[in-house]
Amino acid sequence: MENLLAKHDLAGGYCNSLTTYSRYLTREVNIGDIALGGHNPIRIQSMTTTDTMDTLGTVEQTIRMVESGCEYVRITAPSIKEAENLANIKKELRFRGYNVPLIADIHFTPNAAEMAARIVEKVRVNPGNYADKKKFENLEYTQDAYNAELSRIYKKFIPLVKICKEYGTAMRIGTNHGSLSDRIMSHYGDTPRGMVESAMEFIRMCEDQNYYNLVISMKASNTQVMVQAYRLLVETMAKEGMNYPLHLGVTEAGDGEDGRIKSAVGIGTLLEDGLGDTIRVSLTEDPEFEAPVAKALADRYALRNPKSEVGSPESTTLRSTLSAPRPTYSPYEYNRRITTAVQHIGGHHHPIVMIDVSKENLKDPYFLSSIGYNYSAGLDKYNLADQACDLAFLGDNLPSFSFPGNLKQVYNYETWLKLNDKNNCHPLYTLAEYGSADVKDEFLNFVQIDSKQFSNTTIAQLDDTVILILETSSTHGMAEQRAFFVALQEKNIQIPVIIKRTYQDADTGHLMLYAATDIGALFTDGFGDGVWIDAEGQNISLINSASFGILQATRTRISKTEYISCPSCGRTLFDLQETTQLIRSRTDHLKGIKIGIMGCIVNGPGEMADADYGYVGTGPDKITLYRGKEVVKKNVTTAYALDELIDIIKDDGNWVEKV
């Protein structure tokens with residue numbers, strides 16, 4: 001095995017550099033005619049949703065996926081008959097001129113894997129259910145008993161490894177948070193470490209057979225768990241002299257804006273640190289809609305200067321801070337940066353959302369409905385939505401009506417000075433203005449600062465009424481802003497910080513993905529007390545929903561119902577898109593509730609453990625309903641399943657009527 005690891009300066013243990021964009025170099029793995037890892041581009045893939053026995057339907061969908069940008073296509077093979085039919089699918093694709101490498105998705109069935117490995121270019125196995133089991137049993141092992149279990153699994157797994165070696169077939173060892181086996185859960189707990197060890201056991205078995213054509217994944221629907229697991233995996237592999245390529249993905253991300261933001265938070269955080277060789281975005285939508293999202297995420301890094309270092313030459317404080325070992329925070333567990341609250345910002349308060357409304361019609365109170373404040377002319381009052389922003393930036397423009405009391409107004413300093421009534425209005429300064437200002441707000445002042453401007457002298461002039469608005473214009477701006485936070489932590493400076501990112505000329509789709517990556521990555525690491533997305537020309541309703549969506553996806557502020565819905569595949573037992581929309585239509589007002597919607601039992605019960613309630617297909621026209629990981633009702637007829645789910649929520653006292 002070529003030792004490329006010596007070329008890596010594993011800052012923090014899991015990436016080349018925390019200050020320079022540098023893609024982590026992995027082993028190259030050939031998958032058909034398209035190589036993965038090494039110096040190859042980040043590859044795009046997705047998975048069919050058709051019945052694998054429907055040869056023509058699967059072929060047609062595969063072609064649509066390839067045309068949308070997929071470089072690999074995964075197809076489920078739940079039993080040996082589907083595995084055998086992969087030969088017919090592959091033959092028809094080749095006849096039509098499509099040489100896309102095919103990947104067989106395997107759960108529970110070693111015989112199907114062994115058949116598929118003789119046909120397709122790659123097989124995916126899940127360590128949690130390949131010769132292992134998950135029944136939510138708490139098992140106790142002596143070390144000898146645990147080793148005996150590993151030996152049993154080894155004997156079941158090695159035949160597949162030998163077939164892959166013989167046929168030149170690649171393999172993905174794909175750990176899912178939702179399907180960790182009882183053995184792993186009992187030994188390591190429901191943790192990122194458990195996910196990593198689950199994969200490492202199988203990697204070591206492969207290496208014992210001198211088989212190295214491996215790709216590894218650590219997927220979860222919880223973005224914090226997913227990011228921590230991948231980082232821990234890289235650190236663990238590096239210690240054992242391994243550098244296998246990474247398949248990135250957030251499982252059960254959902255659909256629409258929520259699914260895209262959640263995927264970008266998880267995948268984008270890792271891409272920012274140079275990790276990732278192939279991407280699958282899992283949306284509860286037709287699979288041809290997934291590839292363009294994945295490609296938009298990957299393309300951003302193809303264009304990034306690999307030597308783009310944080311800060312300008314004079315900002316040595318930032319670069320030296322983040323290049324050194326970091327005792328200030330752990331990339332493997334979530335801890336929010338400690339700050340001293342100023343009014344309702346920082347401390348133990350949830351992160352706030354700030355929106356620029358300076359270009360809106362400030363004569364019309366109805367525009368505020370776009371940011372969560374619905375005006376009633378008859379009552380002359382505002383009703384707050386669950387996603388009502390906290391701060392409105394007006395710049396130098398004054399409204400001709402009274403703002404709601406819950407919405408603080410922020411003005412440029414010179415304009416604020418001239419206000420006759422400063423109640424609920426606060427100033428925004430440049431650093432220079434704040435240093436020379438004779439008049440300041442008694443309670444709350446905002447100071448705009450570029451990430452490059454950190455210095456002890458700068459920070460010393462700020463008092464306990466200040467909130468920092470942290471900006472960056474760097475290409476690798478996330479790392480620059482992260483360096484600023486680390487510098488604050490090293491000096492034990494507890495000033496709250498609102499993260500501001502500015503996007504010019506980004507369309508709606510790219511804006512959503514870029515902001516979720518840049519800002520979501522920082523919140524995933526525990527940094528930030530607020531969000532300000534600045535995108536002139538974009539609808540403020542979109543900016544507001546994206547801001548709240550990022551906080552929801554990072555689980556730092558819950559403002560709506562969360563749907564953990566899988567993207568469907570050939571195992572799915574009902575129409576996931578239609579069912580998800582139906583469940584959403586009746587439950588989307590249940591703020592803070594997490595509902596899992598799963599097409600089958602592969603990851604269903606496991607992901608239910610992360611949801612409050614679960615709706616899982618367990619047979620034709622049959623649904624099993626969960627409360628957490630507990631089965632509440634089995635084999636409910638589909639027509640009655642949603643009503644039964646709502647009854648369970650009501651029985652728990654978690655139901656509220658729609659307004």
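**Entry 1: rings**

I started with Y382, which has 15% relative accessibility. Buried means under 20%, so Y382 counts as buried. I noted that the model I am reading is a predicted one.

I then looked for rings that pair, and the count came to 15 aromatic pairs. One of them joins Y375 and Y382, with 5.0 Å from centre to centre and 50 degrees between the planes. I wrote this pair down as tilted.

Next I looked up F401 and F403. Their ring centres are 5.4 Å apart and their planes stand at 15 degrees. Planes under 30 degrees apart count as stacked, so I entered F401 and F403 as a stacked pair. I checked F401 and F403 for burial too, and both are buried.

I also found a cluster, in which ring pairs link Y413, W416, Y429 and Y434.

**Entry 2: helix α8**

I moved to helix α8, which covers residues 256-272 and has 17 residues. From the first C-alpha to the last, α8 reaches 23 Å, and I compared this with the expected 24 Å at 1.5 Å a residue. The two values are close. I looked for a bend in α8 and found one of about 25 degrees at V265.

Is α8 largely enclosed by the rest of the structure or not? I found that 14 of its 17 residues are buried, so α8 is largely enclosed.

Just after α8 I came to G274, where phi is positive, at about 80 degrees.

**Entry 3: an open sheet**

I traced a sheet of five strands, in the order β21-β22-β23-β24-β25. The sheet is open and its pairing is mixed. I noted that strands of a sheet pair through backbone hydrogen bonds, either parallel or antiparallel.

Which strands stand at the edges? They are β21 (562-565) and β25 (630-637). Each has a single partner strand, so one side of each is left without a neighbour in the sheet. Ignoring direction, I noted an average turn of 20 degrees between neighbouring strands of this sheet.

I took one pairing in detail. Strand β23 (residues 613-619) and strand β24 (residues 622-627) run antiparallel and are joined by six bridges. I followed Y613 across to β24, where its bridge partner is R627.

**Entry 4: helices on the sheet**

I looked up helix α17 (residues 576-587), which lies across β21, β22 (594-598) and β23. Helix α17 runs at about 160 degrees to β22.

Helix α19 (residues 638-651) also packs on the sheet, and I listed its contacts as β22, β23, β24 and β25. The direction of α19 makes about 150 degrees with that of β25.

How values were computed:
Residues are numbered from 1 along each chain as its sequence is written. This is a predicted model: local features need pLDDT of at least 70, side-chain atom pairs count only at pLDDT 80 or more; totals for chains, interfaces and linings use all residues. Side-chain values use heavy atoms; hydrogens and water are left out. Two strands pair if DSSP finds at least two bridges between them. Helices (H or I, at least four residues) and strands (E, at least two) are DSSP runs, numbered from the N terminus. Axes are lines fitted to C-alpha atoms, for helices over the stretch in contact, and angles run from 0 to 180 degrees between N-to-C directions. Contact means heavy atoms within 4.5 Å. The expected span of a helix is 1.5 Å times one less than its number of residues. The bend at a residue is the angle between axes fitted to the seven residues ending there and the seven starting there. Buried means under 20% relative accessible area, exposed over 50%, partly exposed in between (1.4 Å probe, protein chains only). Rings of Phe, Tyr and Trp (its six-membered ring) pair if their centres lie within 6.5 Å; planes under 30 degrees apart count as stacked, over 60 as edge-to-face and the rest as tilted.
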